[in-house]
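Q: Please take a close look at one part of this structure: how its helices pack and how its domains meet. I am new to it, so a connected account would help.

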Amino acid sequence: SLKTELAELDKRHFMHPTSSIQMQQKNGPEFIFTNGEGIYLNEISGRKFIDGMSSLWNVNIGHGRQELGRVASEQMSTLAFSSAFSTYSHEPAIRLSKKLSDMAPGDLNVSFFTSGGSEANDSAIKIVRHYWKLLNKPERKKIMSRKLAYHGVSMGSTSATGIKEFHEMTTSLAPDFIYAPAPKPGMSESGNETVNLICIKETRELIEREGPETIAAFIAEPIQGAGGMIIPPKGYLQEMRKICDEYGILFIADEIITGFGRTGKLFGIENWDIVPDMMTVAKGITSGYMPLGAVLISDRIHGELIKSSKGTLFHGFTYSGHPTACAVALKNLEIIEEEGLVENSKIMGKEFAKELKQLEEEHWTVADGRNLGLLAAFELYEDPQNRKRFDSSLAVSKRVLQKCLEHGLILRSITYEGSDTIAIAPPLIITKEEVGKMFSIISNAVGAVEKELEN
Ligand code: PLP
């Protein structure tokens with residue numbers, strides 16, 4: 001069959017991102033997707049799945065949107081590519097940078113484009129260091145991120161990432177990265193406040209120990225995604241903004257998952273009413289229809305760059321501001337606005353909260369259900385009361401995922417530091433009925449695994 005043929009070629013020639021090379025060699029690809037529509041993905045053998053993760057937290061407007069295909073085709077037929085280096089420009093990148101300025105909070109009015117999130121974070125890191133250098137403070141070069149942060153896999157962004165496994169993949173990281181503690185996920189309201197205080201106190205101690213005048217910027221996902229879907233406790237991000245101001249450290253919000261409606265607000269940071277000095281975006285900016293990322297820079301920083309710059313900014317990618325990617329992004333952002341998807345994310349988020357609560361009530365293993373809009377997760381525990389984890393050899397979260405798959409739902413598990421976290425993040429076009437359908441599959445899957453565990 002075609003599937004067998006493709007699977008053999010895949011095994012032989014295709015090194016997959018973030019994959020087990022040995023498993024890949026043994027089994028080949030489990031799914032070969034052929035097309036998608038709305039929240040659904042179809043697989044070559046005829047199976048149909050709900051894409052409960054919007055693929056990689058990115059297909060915000062759902063699959064199979066012909067409008068984006070048309071815009072891409074039009075742009076490709078007129079000007080597929082031209083450079084944006086130096087004095088060259090073109091309308092799609094100009095219009096998109098204006099659009100982002102209108103959407104972004106505060107004075108984040110200037111965009112630098114990349115092909116994805118990792119490049120956006122690397123660019124942000126280089127731009128803040130460049131900024132301090134121009135201000136005659138080259139010693140401000142350390143980047144403070146957080147434990148369990150995920151910022152990507154290029155050299156700078158993987159160094160900013162705070163997940164051990166990504167660091168251990170290679171032998172040396174970029175210098176001048178430091179890691180503040182992250183708030184802990186899944187604590188009760190009162191527990192959260194304690195963690196909050198400890199976390200802030202330890203962050204201050206870290207800054208004092210390193211020397212505040214050596215730190216260029218703090219980079220943080222408003223909600224830590226790949227590291228465990230950690231929604232920060234009340235006041236934490238506001239306090240971090242204050243600390244940054246106090247020490248003159250720039251605040252970079254990594255909105256690569258949380259941007260463009262995912263959390264029920266246009267940007268995640270707006271849940272806490274603070275404005276960062278820079279913001280990185282990717283994923284939902286095109287809903288994955290083209291690769292694109294951006295660094296949004298405040299007028300204040302951009303103004304300093306204009307004032308102090310002495311020549312060329314020696315930073316830029318061939319595809320910085322790719323015309324077709326920018327045209328697709330503009331259309332995608334228009335769809336998000338016209339279809340009220342930020343609002344839908346908020347409304348469906350309320351359904352999610354109800355469903356998560358019910359899941360906890362119905363299942364002895366489930367606790368710490370949490371969501372903001374359509375960014376959600378819950379935990380599986382051997383003893384939820386005492387937050388006692390299952391032995392990792394039981395692979396409980398993987399088994400729940402497998403059972404979900406058997407009933408047509410794709411989700412993701414997060415197992416760093418022994419956790420059994422199930423992440424859920426469907427396209428923002430999801431309906432109430434579809435939310436119900438997803439959670440009934442989840443509930444059945446958890447129930448089936450619980451039965452196995454009881455036997
Ligand atoms: N930052 C965050 C918060 C992410 O979730 C990701 C990707 O998952 C990245 C950065 C890296 O983006 P990309 O994979 O487009 O390079």
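A: A definition comes before the helix pairs: an angle between axes under 35 degrees counts as roughly parallel, one over 145 as roughly antiparallel, one from 65 to 115 as roughly perpendicular, and the rest as oblique. The model is a predicted one.

Helix H5 covers residues 91-103 and helix H12 covers residues 323-338; their axes lie 8 Å apart and the two pack at an angle of about 40°. H5 and H12 are therefore oblique to each other. The crossing of this pair is left-handed. On the H5 side, the contact is made by Pro92, Ala93, Arg95, Leu96 and Lys99. H12 answers with Pro323, Cys326, Ala327, Ala329, Leu330 and Leu333. Sorted by class, the contact of H5 with H12 has nine nonpolar and two charged residues, and no polar ones.

The next level up is the domains. According to the domain assignment, domain 1 consists of 31-61 + 340-454, and domain 2 of 67-338. Taken over C-alpha atoms, the centres of domain 1 and domain 2 are separated by 27 Å. In the contact of the two, 27 residues belong to domain 1 and 29 residues to domain 2.

Several elements build the side of domain 1 that touches domain 2. Two helices, H3 (54-57) and H13 (341-362), each supply at least two residues there, and so does each of the strands E11 (366-372), E12 (375-380) and E15 (421-424). H13 gives the largest share of this side, with five residues. By class, the side of domain 1 that touches domain 2 has 15 nonpolar residues, eight polar and four charged.

H13 also packs against another helix. The partner is helix H15, residues 432-454; the axes of H13 and H15 come within 10 Å and cross at roughly 20°. H13 and H15 are therefore roughly parallel to each other. The crossing of H13 with H15 is right-handed. From H13, the residues in the contact are Met348, Glu351, Phe352, Glu355, Leu359 and Glu362. They meet Lys432, Val435, Phe439, Ile442 and Ser443 of H15. The class count for the contact of H13 with H15 is six nonpolar, one polar and four charged residues.

To put the two helix pairs side by side: H5 and H12 are oblique and cross in a left-handed sense, whereas H13 and H15 are roughly parallel and cross in a right-handed sense.

Definitions and conventions
Residues are numbered from 1 along each chain as its sequence is written. This is a predicted model: local features need pLDDT of at least 70, side-chain atom pairs count only at pLDDT 80 or more; totals for chains, interfaces and linings use all residues. Axes are lines fitted to C-alpha atoms, for helices over the stretch in contact, and angles run from 0 to 180 degrees between N-to-C directions. Helices (H or I, at least four residues) and strands (E, at least two) are DSSP runs, numbered from the N terminus. A crossing is left-handed if the near helix is turned anticlockwise from the far one by less than a right angle, and right-handed if clockwise. Two residues are in contact if their C-beta atoms, placed from the backbone, lie within 7 Å. Ala, Val, Leu, Ile, Met, Phe, Trp, Tyr, Cys and Pro count as nonpolar, Asp, Glu, Lys and Arg as charged, and the others, Gly among them, as polar. Domain bounds come from an automatic or database domain assignment.
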